[in-house]
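Here is a short report on one structure, with attention to a ligand site and a single helix residue. Have the sequence and the 3D view at hand.

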Amino acid sequence: MPIKFPFKKDKKHPRTEPLGLEESHIPKHVAIIMDGNGRWAKNRGMPRIAGHKEGMGVVKRIVRYASDVGVKVLTLYAFSTENWKRPKNEVDFLMKLPVDFLSTYLPELIERNVQVRTIGDFDVLPAHTQKAVKEAMEKTKDNDGLILNFALNYGSRFEMVHAVKQIASKVQQGELDISEIDESMFSQELYTSELIEPDLLIRTSGEQRLSNFLLWQLAYAEFWFTEVYWPDFDESHFEKALYDFQNRKRRFGGV
Ligand code: IPE
Ligand code: IPE
Ligand code: MG
């Protein structure tokens with residue numbers, strides 16, 4: 001059945017004609033590389049952090065929309081293991097964003113039955129960032145609606161090297177034989193072990209690269225790119241991405 005989902009119209013986000021998404025064919029797991037905040041701000045003569053702040057509002061809209069259309073998992077790339085290279089004031093701002101985001105938005109996430117999770121090297125994040133995110137995870141852990149999965153201090157290579165070390169150590173301890181190592185076991189050592197694989201990857205801002213995001217997990221995902229900077233991304237772009245996904249033919253190596 002085709003579905004139509006209303007979303008809040010305003011001057012900045014006029015509602016376009018609904019494209020008519022097929023309810024039975026919504027991607028279960030959508031991963032997004034939210035890129036272009038800095039350039040968005042620069043174009044307006046504003047500091048880069050103004051772009052990050054604006055981008056936070058977009059996260060709220062997109063989470064609502066994803067949960068309305070029945071996406072099961074939404075993984076958002078919020079901070080990469082390489083983003084520590086940025087100026088200190090920008091890194092500090094980015095580490096405060098989860099605190100700001102959750103302080104205003106956690107009640108709605110709870111009301112919407114959203115479960116908050118993270119992937120990435122969590123323990124090295126600043127204490128205030130950890131505290132806000134842990135609180136959100138704790139308060140939403142029993143929710144069974146949309147899984148909102150933040151990639152925070154996430155790097156795919158780090159993740160895979162960590163997995164290799166875990167497996168190697170089991171072999172060394174004699175708990176595991178090399179012949180038992182297979183793809184499914186490797187997947188079980190990744191941060192995403194409890195999640196289904198992404199069906200659709202979206203990247204904004206015109207860049208067409210993965211920047212160390214979910215290299216293993218995206219093996220068979222559909223990729224969708226847009227020139228739009230993340231702070232300008234809205235429900236109509238997301239709807240178009242889902243619509244295009246629905247019109248692709250996935251073959252998984254078959255015919
Ligand atoms: C994405 O926007 C947000 C993060 C990486 C945290 P950028 O900050 O990378 O924006 P650009 O790519 O410099 O425009
Ligand atoms: C990827 O964007 C990381 C996030 C969106 C969090 P970057 O802006 O860091 O990627 P590069 O540097 O353009 O590859
Ligand atoms: Mg960028």
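In which helix is the place of Ile167? Ile167 belongs to helix α5, which covers residues 156–172. Keep in mind that this is a predicted model.

Is Ile167 buried or exposed? Ile167 has 5% relative accessibility, so this residue counts as buried; the cut-off for buried is under 20%. Now compare the position of Ile167 with that of Val228. The two residues are 61 residues apart along the chain. Their C-alpha atoms are separated by 41 Å.

**The site of ligand 2**

Turn to ligand 2. This ligand sits in the largest pocket. Its surroundings include Ile33, Met34 and Asp35. Tyr77, Ala78 and Phe79 are also around ligand 2. So are Asn83, Arg86, Arg203, Arg209 and Ser211.

What kinds of residues form the shell around ligand 2? Five are nonpolar, two are polar and four are charged. Which strand gives the most to this shell? Strand β4, residues 73–80, does, with three residues.

The table lists distances from an oxygen atom of ligand 2 to an N or O atom in a side chain.

| Side chain | Partner | Distance |
|---|---|---|
| Asp35 | oxygen atom of ligand 2 | 3.2 Å |
| Arg203 | oxygen atom of ligand 2 | 3.3 Å |
| Ser211 | oxygen atom of ligand 2 | 2.6 Å |

How much of ligand 2 does the protein bury? Taken alone, ligand 2 exposes 390 Å². The protein buries 77% of that.

Definitions and conventions. Residues numbered from 1 in each chain as written. Chains lettered and ligands numbered in written order. Predicted model: local features only at pLDDT ≥ 70, side-chain atom pairs only at ≥ 80, totals over all residues. Heavy atoms only, no water. Near = heavy atom within 4 Å. Polar contact = N/O pair within 3.5 Å; in protein donor to acceptor, adjacent residues only side chain to side chain. Areas by Shrake-Rupley, 256 points an atom, 1.4 Å probe, with all protein chains shown as cover. 1 Å grid on protein atoms, 1.4 Å probe; cavity = no way out; pocket = protein on both sides within 12 Å on 5 of 7 lines; lining within 4 Å. Sits in = over half its atoms within 2 Å of the grid points. Helix = DSSP H or I, 4+ residues; strand = E, 2+ residues; numbered from the N terminus. Nonpolar A, V, L, I, M, F, W, Y, C, P; charged D, E, K, R; others polar. Buried < 20%, exposed > 50% of the residue type's maximum accessible area, 1.4 Å probe, protein only.
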